[in-house]
Amino acid sequence: MAQPHPTQSGDHLDGQWYVDKLFHGLMFLCGISAVLFVLGIFLFVFAEGAGFILKSLDWRQFLLSPRWMPTSSYNPTYGILALIAGTASITFLAMVVAVPFSLGAAIYIAEFAKGRTREVLKILIELLAAIPSVVWGFIGLAIMNPWIIQTFDEPIGLNILNCGIILGLMAAPIITSIAEDALKAVPDTYREAAEALGANRWQTIAQVVLPAAKNGLLAAVLLGVGRGFGETMAVLMASGHSINMPESIFDSVRALTATIAAELGETAVGSDHYQALFAIGIFLFTITFFINMTADWIIRGSKRG
Amino acid sequence: MFSAQPVNQHNRQVEWLFRLLFGIMLTLLIIPVLLIIATLFHRGGSTLSLEFLFTFPSDGMTAGGVFPALLGTIWLVVVSLLASVPLGVAAAIYLSEYARQEHWLTRIINLATINLAGVPSIVHALFGLGAFVLFFRIGTSILAASLTLAVMTLPVVIVASWESLQAVPRSFREACWNMGATRWQTIRQVVLPNALTGILTGIILQVSRAAGETAPIMFTGAVFFLPFLPGSPFDQTMALALHLYTISTQVPDVPESLPFAVALLLVCIVLLMNATAIWFRMYLRGKKKW
């Protein structure tokens with residue numbers, strides 16, 4: 001919609017012309033609001049933690065020490081390595097659960113399902129994505145927890161396994177719908193050409209459609225990882241929330257997001273502990289920012305190529 | 001690449017095998033969710049009643065209903081709508097009707113929208129606390145929490161509105177411009193009315209999202225328990241999603257059916273909203289005149 005506008009020739013500069021200019025400006029201001037908010041999020045979160053981040057924070061200790069002991073009275077330590085390991089282990093298991101199933105589901109919806117079935121399946125996947133994260137957390141507590149205790153004979157069912165499955169189910173609809181878009185974006189002429197060469201449906205999918213859509217599929221997985229990293233309530237409720245370097249999937253762990261959610265309410269505004277939580281916030285913001293940027297870059301690259 | 005052979009029995013079987021495999025994978029994604037919803041109904045359904053909706057929690061939140069939390073969620077959603085809908089729709093109008101598609105600024109706005117949707121909800125909470133509660137001195141209140149929710153759900157409104165604006169054919173706009181209308185007159189009287197149902201769909205999805213969010217409102221305006229109802233946007237409030245977190249983790253000796261009923265209520269609200277949005281979209285597709 002970028003062509004010069006007919007009334008810009010200037011033959012009637014009446015009231016409507018000024019109204020038009022006014023709204024153009026107004027829409028522009030609202031248009032850049034998303035940019036302002038992203039900048040604002042970075043600035044405000046950074047500003048709240050700035051005193052600590054710039055002065056007393058030891059970056060090596062922050063990133064490399066597994067000891068998160070902010071409330072220790074004689075020597076508070078702020079090391080987030082165990083929290084990173086917690087988040088990473090949960091996200092990893094979630095991806096192990098979600099990626100094969102989501103890609104399989106996406107292939108089924110995009111390549112095999114037709115007409116009404118396809119519509120219904122897409123709606124079901126969409127509804128799956130709508131369930132709030134606090135409800136997922138509650139399911140981890142009330143349904144998965146006793147199930148794991150019973151099935152695996154473990155003392156506690158709030159662990160990586162529980163949280164990974166929950167998070168996998170949460171990430172699956174996102175991965176499925178983005179992967180499905182990527183498969184749909186492969187032109188039908190590719191499929192027709194393969195079929196004309198005598199390939200059957202499966203050969204077409206495995207050797208033509210999947211390679212052509214691989215960038216989009218990769219982006220879908222990346223966005224799923226981003227979701228896993230940023231998820232808060234479900235992880236807080238289902239992970240067990242104890243600081244551990246994880247060794248098995250039956251260990252309880254604590255995630256970065258959950259730490260902020262659990263501790264922020266108990267800290268004094270402006271204290272070192274409070275500012276350290278904002279430092280974790282900046283860390284999370286940076287990681288998800290890069291994940292989203294990479295995913296977008298991969299998708300755009302695949303559209304050009 | 002492929003040998004030109006007639007479709008033989010073996011190939012057919014392989015194809016069916018894979019089709020079956022992917023079908024099973026899809027089913028395995030959907031079945032747990034249906035099971036979960038069935039369990040919520042089974043264990044919370046009998047507690048969920050009109051009386052449950054309209055009474056206060058009692059006995060240290062181990063009995064009674066959810067009225068203040070339900071009302072609080074409505075407050076939060078309505079106030080966040082008032083902020084995010086005008087802003088989001090206007091941003092979509094700018095992106096769809098004014099911006100040049102390949103301009104660097106448009107590109108940056110699109111990237112920012114993607115990132116805003118990808119920022120973890122707890123980071124939105126930190127932003128809300130730092131910006132609205134402390135910097136703008138709104139204090140922990142419905143207003144601060146709603147504004148945080150509005151920023152978080154803005155991308156939903158922008159993307160849905162942009163899509164429905166783009167679906168209005170260009171010829172509609174051209175016809176209007178040829179009548180001598182300004183760009184704004186065209187948008188207001190031709191483009192917007194034709195995109196309205198689609199925009200409404202986006203708003204319903206925003207409501208569904210905002211009603212279920214917990215982390216962004218935890219430190220900005222929602223509290224575990226209040227003995228009275230909020231009277232203005234500057235009061236603190238209870239909220240359904242936070243209430244579920246509270247009674248399932250923070251309060252001892254809650255009878256099991258209570259959190260199940262709250263979870264069921266939340267899921268019902270969210271699914272109802274989404275079903276409405278889906279119905280709207282189908283209706284829209286059926287009604288399309290072009």
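What distance separates the centres of domain 1 of chain A and domain 2 of chain A, taken over C-alpha atoms? The two centres are 26 Å apart. The structure is a predicted model. The points below cover the domains of chain A, the contact between chains A and B, and the build of chain B.

**Domains of chain A**

- The domain assignment splits chain A into domain 1, residues 13-69, and domain 2, residues 81-304.
- Where these domains touch, domain 1 of chain A contributes 17 residues, and domain 2 of chain A contributes 13 residues.
- On the domain 1 side of this contact, two helices of chain A, α2 (33-56) and α3 (59-64), each supply at least two residues.
- The most comes from α2(A), which gives ten residues to that side.
- By class, the domain 1 side that touches domain 2 of chain A holds twelve nonpolar residues, four polar ones and one charged residue.

**Contact between the chains**

- Chain A and chain B also touch each other, with 80 residues of chain A and 81 residues of chain B taking part.
- The side of chain A that touches chain B has 55 nonpolar residues, along with 20 polar and five charged ones.

**Build of chain B**

- Chain B contains eleven helices and two strands.
- Read from the N terminus, the order of elements in chain B is α-α-β-β-α-α-α-α-α-α-α-α-α.
- Chain B is more spread out than a compact globule, because its radius of gyration is 24 Å, well over the 19 Å that the globule rule gives for 290 residues.
- Along the principal axes, the C-alpha atoms of chain B fill a box of roughly 70 × 65 × 35 Å.
- Of the 290 residues in chain B, 49% count as buried.
- Taking contacts in chain B between residues at least 6 apart in sequence, 75% join residues at least 24 apart.

**One residue of chain B: B:Leu34**

- B:Leu34 lies in helix α1 of chain B, which covers residues 9-44.
- Is B:Leu34 buried or partly exposed? B:Leu34 has 13 other C-beta atoms within 10 Å; a residue counts as buried with 20 or more and as exposed with 12 or fewer, so B:Leu34 is partly exposed.
- B:Leu34 and B:Glu102 are 68 residues apart along the chain, and their C-alpha atoms are separated by 44 Å.

How values were computed:
Residues numbered from 1 in each chain as written. Chains lettered and ligands numbered in written order. Predicted model: local features only at pLDDT ≥ 70, side-chain atom pairs only at ≥ 80, totals over all residues. Domains from an automatic or database assignment. Contact = placed C-beta atoms within 7 Å. Helix = DSSP H or I, 4+ residues; strand = E, 2+ residues; numbered from the N terminus. Nonpolar A, V, L, I, M, F, W, Y, C, P; charged D, E, K, R; others polar. Rg over C-alpha atoms; globule rule 2.2 N^0.38 Å.
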